[in-house]
Amino acid sequence: MTQVLAVVGGGDQGLHAVLAGAALRKAAERRRQAVEVELRGKGVGGNPLSASAIQGAQAVLLIGEGDLGEGRFGAMRRARIRIEDVLTDAQAVLDRVLSGDAPTPVAASIPKKIVAITSCPTGIAHTFMAAEGLQAAAEALGHPIRVETQGSVGARDALTPEEIAAADLVLIAADTGVDRARFAGKKLYATNTKAAIRDGKGLIATAFAEAQVHGGEAVAEGPARPAAAETKAGAYKHLMTGVSFMLPFVVAGGLLIALAFAFGGIDAMKPENAGTLGFALGEIGAKAAFALIVPALAGYIAYSIADRPGIAPGMIGGMLAANLQAGFLGGIAAGFIAGYATSFLNKHIRLHRNLEGLKPVLILPLLAAAITGLLMIYVVGVPVAAILAALTEWLKGMQGTSAVLLGLVLGGMMAVDMGGPVNKAAYASSAALIASGITAPMAAVMIGGMTPPLGIALATRLFPARFSKPEREAGGAAAVLGAAFITEGAIPFAAADPLRVIPAMVAGSALAGAIALSLGVEIKVPHGGLFILPIPNAVTNLPGALIAIAVGTLVTGLLVGLLKKRAA
């Protein structure tokens, strides 16, 4: 048997070397081919090829870039290979190398068509950053790609049936539930948006290796594993799906109520003002939009778990939660109960194929709604309502030190991972509390989420020597994103120097949140940033909000400038 060596150089992208090495070992194992792999690149190393291994080998694969130590192989047969080819199809690379007698380089791999979907709870920053990451990675790897973004205004660049049919791979990078019915029979891989943003090339390579046929049998080479990131996301992904569908009701309802007070004064919604514009706007906002917040949250949590059959039981459970005064906590419970009940019933109820059509429209909604409703009424509703009432009273009674501590925590959470799970946990809970009339936490969250990109933008102006030219130019864009409450605008700066930038941003955001709550600032809508400030009654204590934003931005900017080293 031919003994093969491989040296994999990832350059600055050490993770690519690790992934390529793993793919090559797996391909060699399938061929029962002995292979010795040495990894080189930033952050990787070790396991150098031994002198005995080099002496006993007949061929060497020189993969990737950088110093691969080629001189030690003398006249040994060798092949130069792009790391992208190995990441895409290591099996084909190894087959071509071992089947040829001449030391010719391996040809570039055949481009494969990819279709992708990206989506995040708010449908703004992460959705489009993930799409850009996938597009750039696919272009670098030589694969044509079409990306559908499911953002805040619906699907953009929607995939056509023809594009899906022609695709070799379906890649879903989403933090929310995505309808996969149209991908039946296609090789599909699902993960979160962070994977696409951080390492698009590695994600595409992993997707080709681990994708499984959706709605069919796995490929013949062995059962493909589901995306680890998606499996781990679990409850978080389902919750974020519910939050993403709930947010438009919170935004519309909050702004309509604010406008009702603007047109009709503080008594606009009293019965004696019936017929006035203020009263009508209040009715629309409070009794229509806000009444649907908890049902929408519960319904789409259930949808994420059990697909469309889960929507009706989830919304019914959510309406019961609202009627039982269990609020958003009850809605979350109802959504998970309805979703998992529907999923369980769908898997275990077997009908004749002529009756299968009754399951999604009759049997599943009926049984799952009954189970969810009975559990909400007799088991879950009352204790959850008591918990929510206690939480509401505690939040309403916050003064002094307790308000400052809550502001510190919520503001700091917004800057820890800038759109990640910690950030979204603070945001989702504060947005849901608006439906219960608790609007102070949203002030800490929104102001704390605005200060990282605003502070970074300020630092690029105060300390230009600390930033490269592209970073200084990106500072203006970060300012706009910060003003719009898009914390993700700070991600490129944090990724470039996380140990210095992230602590500075957390300090500024925590201080901003603490100042906001100590000054009694309240924000009645869950998004908009600086653009909601002119709307009457949307913000309580507008001067206090501006002070908190200014102080948090200044502290972030100063700390970033002081902690960062001079740009090379």
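## Reading cores, a sheet and salt bridges in a predicted model

Mentor: Start with the inside of this predicted model. The largest nonpolar core has 51 residues, and those touching the most other members are Met 246, Met 442, Val 445, Ile 447, Ile 523 and Val 539.

Trainee: Which helix gives the most to this core?

Mentor: Helix α17 (residues 440-462) does, with nine residues.

Trainee: Take Val 445 as a case. With which residues is Val 445 in contact, leaving aside its neighbours within four places in sequence?

Mentor: Val 445 is then in contact with Leu 410, Met 414, Ala 426, Tyr 427, Ser 430 and Phe 485. There is also a second, separate core of 23 residues, with Leu 24, Ile 81, Leu 87 and Ala 90 among them.

Trainee: Next, the sheet. What holds the strands of a sheet together in general?

Mentor: Strands pair through backbone hydrogen bonds, and the pairing is either parallel or antiparallel. In this model, four strands form an open sheet with parallel pairing, in the order β2-β1-β3-β4.

Trainee: Which are the edge strands?

Mentor: The edge strands are β2 and β4, each of which pairs on one side only. Neighbouring strands in this sheet are turned against each other by 15° on average, direction ignored.

Trainee: How many bridges join β1 to β2?

Mentor: Six bridges join strand β1 (residues 4-10) to β2, and the two run parallel. To find the register, look at Val 4, which stands opposite Val 35 in β2.

Trainee: Which helix packs on the sheet?

Mentor: Helix α3 (residues 83-99) packs there, touching β1, β3 and β4. The direction of helix α3 makes about 150° with that of β4.

Trainee: Now the charged residues. What is the general idea?

Mentor: Side chains of opposite charge can pair when their charged atoms come close. The cut-off for a salt bridge is a side-chain nitrogen of Lys or Arg within 4 Å of a carboxyl oxygen of Asp or Glu. By this rule the count comes to eight salt bridges.

Trainee: Which residues does Glu 38 bridge to, and at what distance?

Mentor: Glu 38 forms a salt bridge with Arg 40, with the closest N and O atoms 2.7 Å apart. Arg 72 also forms a salt bridge with Glu 38, and there the closest N and O atoms are 3.0 Å apart. Arg 72 lies in the loop between β3 (59-65) and β4 (77-81) while Glu 38 lies in strand β2 (residues 35-40), so this pair ties together parts that are 34 residues apart in sequence. Glu 38, Arg 40 and Arg 72 are thus linked in a network of salt bridges.

Trainee: Is Glu 38 buried or exposed?

Mentor: Glu 38 counts as buried, because its relative accessibility is 3%. Arg 40, at 25%, counts as partly exposed, and so does Arg 72 at 30%.

Trainee: Where do Lys 287 and Glu 283 lie?

Mentor: Both lie in helix α10 (residues 277-289), four residues apart, or about one turn of the helix. Lys 287 forms a salt bridge with Glu 283, and the closest N and O atoms are 3.3 Å apart. Lys 287 counts as exposed at 61% relative accessibility, whereas Glu 283 counts as partly exposed at 27%.

Trainee: And the chain as a whole?

Mentor: The protein chain has 21 helices and 12 strands. Buried residues make up 50% of its 568 residues. The C-alpha trace spans about 95 × 70 × 40 Å along its principal axes.

Terms used. Residues are numbered from 1 along each chain as its sequence is written. This is a predicted model: local features need pLDDT of at least 70, side-chain atom pairs count only at pLDDT 80 or more; totals for chains, interfaces and linings use all residues. Side-chain values use heavy atoms; hydrogens and water are left out. Buried means under 20% relative accessible area, exposed over 50%, partly exposed in between (1.4 Å probe, protein chains only). A nonpolar core is a set of buried Ala, Val, Leu, Ile, Met, Phe, Trp, Tyr and Cys residues joined through side-chain atoms within 4.5 Å. Contact means heavy atoms within 4.5 Å. Two strands pair if DSSP finds at least two bridges between them. Axes are lines fitted to C-alpha atoms, for helices over the stretch in contact, and angles run from 0 to 180 degrees between N-to-C directions.
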